[in-house]
Amino acid sequence: MQLKVGDLKKLQETINYTARHDAVTKTLNGTAFAAAVEHYIDRRKRIATDAGGVMIAVVIDTLDEISRRYGPQWADTVMQSLAAIIQSSVRKGDLVARLATNELGVFLPGATIENAQDVGTRIRRRVAEASFSAEGSPMTIGIRLGGAVFEGPTDFTHIRQLADEMAMERGGEREDAIPLSRLPAA
């Protein structure tokens with residue numbers, strides 16, 4: 001009986017992991033990421049802290065082109081590599097998730113603008129230093145970064161929309177600083 005209980009526990013853990021993580025990147029999926037950010041915001045309201053945070057959107061401009069030229073398996077490989085690069089670039093306790101086919105999100109709880117800039121700079125530098133190739137041909141990986149800073153009450157949707165806007169409007173610039181916008185305090 002004890003063996004069966006142990007097997008069931010392992011199965012339940014596997015099911016929970018699968019439900020919360022993207023199959024390709026092994027990062028959180030969008031639903032689990034949104035729930036974690038919302039939980040952080042709600043907890044901050046209850047304990048009345050001013051810790052705020054930053055969300056960074058990482059949009060991969062060249063992913064569709066890679067998929068069309070080399071096949072979807074290569075696009076998946078690029079996403080796996082980018083997720084690993086991003087996870088190695090964040091601080092302990094930060095969250096990384098796949099939010100869309102060509103987008104990864106990073107949540108930096110309690111981060112300052114300087115913390116977010118440091119993380120963004122590390123991501124850009126490590127992506128630029130990485131070597132990507134398919135079928136013997138080098139691949140160019142184009143990314144856009146943008147972020148949203150929040151301090152007051154807000155919700156995940158507003159944070160994500162602002163981070164996406166910043167990435168799409170100005171996030172492809174090759175400078176080290178990532179464009180950040182502050183959500184207005186409610």
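## Exercises on a predicted model

**Exercise 1.** In this predicted model, the axes of helix H3 (residues 63–70) and helix H4 (residues 72–87) come within 6 Å and cross at roughly 140 degrees; determine how H3 and H4 are oriented to each other, and which residues make the contact.

*Solution.* Begin with the angle: values over 145 degrees count as roughly antiparallel and those from 65 to 115 as roughly perpendicular, and a crossing at roughly 140 degrees therefore makes H3 and H4 oblique to each other. Next, list the residues: H3 contributes Leu63, Ile66, Ser67 and Tyr70, while H4 contributes Pro72, Gln73, Trp74, Ala75, Val78 and Met79. Finally, sort them by character, which gives eight nonpolar residues, two polar ones and no charged ones.

**Exercise 2.** Describe the surroundings of strand E4 (residues 103–109), stating which strands pair with E4 and in what sense, and how many of its seven residues are buried.

*Solution.* Take strand E2 (residues 53–60) to start with: E2 and E4 run antiparallel and are joined by seven bridges, and within this pairing Ile56 has Val106 of E4 as its bridge partner. Turn then to strand E3 (residues 95–100), which pairs with E4 over five bridges, again in the antiparallel sense; here Leu95 stands opposite Phe107 of E4, and a hairpin of two residues connects E3 to E4. As a last step, consider accessibility: E4 is mostly covered, with six of its seven residues buried.

**Exercise 3.** The structure holds seven salt bridges; trace the network that contains Glu103, Arg160 and Asp164, and classify Glu103 and Arg160 as buried, partly exposed or exposed.

*Solution.* Start from Glu103, whose side chain meets that of Arg160 in a salt bridge with an N to O distance of 3.1 Å. This pair links distant parts of the chain, since Glu103 belongs to strand E4 and Arg160 to helix H6 (residues 156–170), 57 residues apart. Follow Arg160 onward to Asp164, where the closest N and O atoms are 3.5 Å apart; because Arg160 and Asp164 are four residues apart in H6, about one helical turn separates them. Salt bridges with shared partners thus join Glu103, Arg160 and Asp164 into one network. For the classification, buried means under 20% relative accessible area, so Glu103 at 6% counts as buried, whereas Arg160 at 22% is partly exposed.

How values were computed: Residues numbered from 1 in each chain as written. Predicted model: local features only at pLDDT ≥ 70, side-chain atom pairs only at ≥ 80, totals over all residues. Heavy atoms only, no water. Axes fitted to C-alpha atoms, helices over the stretch in contact; angles between N-to-C directions. Parallel < 35°, antiparallel > 145°, perpendicular 65-115°, else oblique. Contact = heavy atoms within 4.5 Å. Nonpolar A, V, L, I, M, F, W, Y, C, P; charged D, E, K, R; others polar. Buried < 20%, exposed > 50% of the residue type's maximum accessible area, 1.4 Å probe, protein only. Pairing = 2+ DSSP bridges. Salt bridge = Lys/Arg side-chain N within 4 Å of Asp/Glu carboxyl O.
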